[in-house]
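Me: I have a structure open and keep meeting labels such as "buried" and "edge-to-face". Could you go through it with me and show how each label is earned?

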Amino acid sequence: KQMPEILIRFIRGSQIDSKLIEFRTRAWCSHCESIDPIGVPRTFGAMLKGGVAYRNFIDPNYKGVTRFEDWKIPCTDQEHDAFWGFLLAQKGLPYDWRAIAAFGMGERDWEVPDSWFCSELMMAALKAAGIWDPAGEAHVDRIDPGMAYLVITSLLGAHL
């Protein structure tokens with residue numbers, strides 16, 4: 001039996017909101033999401049248009065993508081199920097504009113579950129699955145795509 005894995009995609013877009021996020025966070029990527037392991041190729045994550053939802057790879061939100069990287073995180077069946085269970089429980093929630101404001105305006109709690117910014121949703125799902133534990137790390141008021149990229153690429157066993 002093949003070990004399960006979680007697939008996280010990081011994206012660089014060419015739209016104005018993507019460029020703003022990249023500029024404010026000093027990161028190469030402006031978005032991250034999970035790739036659905038079952039069925040048709042699609043992603044799941046939080047975007048400005050449509051909030052937290054599944055999206056096909058041909059979705060108009062992907063117009064102008066100039067770069068992407070897919071990272072695989074090995075996990076147990078239980079971690080995989082907990083990750084996807086958390087994500088799917090967030091389906092339909094709105095995009096979190098407060099996260100964008102926090103890039104320049106200060107503190108907020110990135111784990112408030114009433115709306116999600118892309119990277120915060122992915123990191124909250126990894127936390128819920130027990131794959132990532134921010135305890136003991138410096139407090140952060142947000143988790144932007146660049147920060148998520150650093151954490152995910154440093155997870156033991158993560159690879160392209």
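**How the labels are earned**

Reply: Happy to! Take phenylalanine 44: its relative accessibility is 0%, and buried means under 20%, so phenylalanine 44 counts as buried. Please keep in mind that this is a predicted model.

Me: What makes tyrosine 54 partly exposed?

Reply: Its relative accessibility is 23%. Partly exposed lies between the limits of 20% and 50%, so tyrosine 54 belongs in that class.

Me: Why is the pair of phenylalanine 44 and tyrosine 54 called edge-to-face?

Reply: A pair of aromatic rings is described by the distance of the centres and the angle of the planes. For phenylalanine 44 and tyrosine 54 the centres are 4.9 Å apart and the planes stand at 70 degrees. Ring centres must lie within 6.5 Å and planes over 60 degrees apart count as edge-to-face, so this pair qualifies. It links strand S3, which holds phenylalanine 44, with strand S4, which holds tyrosine 54, ten residues apart.

Me: How many aromatic pairs does the whole structure have, and what makes phenylalanine 10 and tyrosine 149 an edge-to-face one?

Reply: The search finds nine aromatic pairs. In this one the ring centres are 5.0 Å apart and the planes are at 85 degrees, so with edge-to-face set at over 60 degrees the name fits. Phenylalanine 10 is in strand S1 and tyrosine 149 in helix H5 (residues 145-154), so the pair spans 139 residues of the chain. Both phenylalanine 10 and tyrosine 149 are buried. Together with Trp28 and Trp71, they form one aromatic cluster.

Me: How do you know that the charged end of arginine 67 sits over the ring of tryptophan 28?

Reply: The distance to the ring centre is 3.7 Å. The limit is 6 Å, along with an angle within 35 degrees of the ring normal. There is another case to look at: arginine 9 lies over the face of phenylalanine 57, at 4.8 Å from the ring centre.

Me: Now the sheet. What makes S4 and S5 its edges?

Reply: The open sheet has five strands in the order S4-S3-S2-S1-S5, with antiparallel pairing. Strand S4 (51-56) and strand S5 (67-74) each have a single partner strand, so one side of each is left without a neighbour in the sheet. From one strand to the next the twist averages 30 degrees.

Me: How do you know that S2 and S3 pair?

Reply: Two strands pair if there are at least two bridges between them. Strand S2 (residues 31-35) and strand S3 (residues 42-47) have two bridges, in the antiparallel sense, so they meet the limit. Isoleucine 35 stands opposite threonine 43 in S3, and the bridge partner of serine 34 in S3 is phenylalanine 44. The hairpin of S2 and S3 has six residues between the strands, and there glycine 39 takes a positive phi near 85 degrees. On the other side of the question, S1 and S2 run antiparallel and are joined by four bridges, with phenylalanine 10 opposite cysteine 32 in S2.

Me: Why is S2 described as largely enclosed?

Reply: Five of the five residues of S2 are buried, so the rest of the structure largely encloses this strand.

Me: Which helix packs on the sheet, and what does it touch?

Reply: Helix H4 (residues 118-128) does, touching strand S1 (5-12), S2, S3, S4 and S5. Its direction makes about 45 degrees with that of S2. Serine 119 is in helix H4. With a relative accessible area of 0%, under the limit of 20%, serine 119 is buried. Among the residues serine 119 touches are Cys32, Ile143 and Ala148.

Me: Which residues touch the most other members of the largest nonpolar core?

Reply: Of its 39 residues, they are Ile8, Phe10, Ile73, Phe83, Met123 and Leu126. H4 gives the most to this core, with seven residues. Methionine 123 has contacts that include Trp110, Trp132 and Val151.

Me: One last residue: why is isoleucine 100 called buried?

Reply: Its relative accessible area is 14%, and the limit is 20%, so isoleucine 100 counts as buried. Isoleucine 100 is found in helix H3 and touches Ile21, Tyr95 and Phe117, not counting residues up to four places away in sequence.

Methods: Residues numbered from 1 in each chain as written. Predicted model: local features only at pLDDT ≥ 70, side-chain atom pairs only at ≥ 80, totals over all residues. Heavy atoms only, no water. Axes fitted to C-alpha atoms, helices over the stretch in contact; angles between N-to-C directions. Contact = heavy atoms within 4.5 Å. Phe/Tyr/Trp six-rings, centres within 6.5 Å; stacked < 30°, edge-to-face > 60°. Buried < 20%, exposed > 50% of the residue type's maximum accessible area, 1.4 Å probe, protein only. Core = buried A, V, L, I, M, F, W, Y, C linked by side-chain atoms within 4.5 Å.
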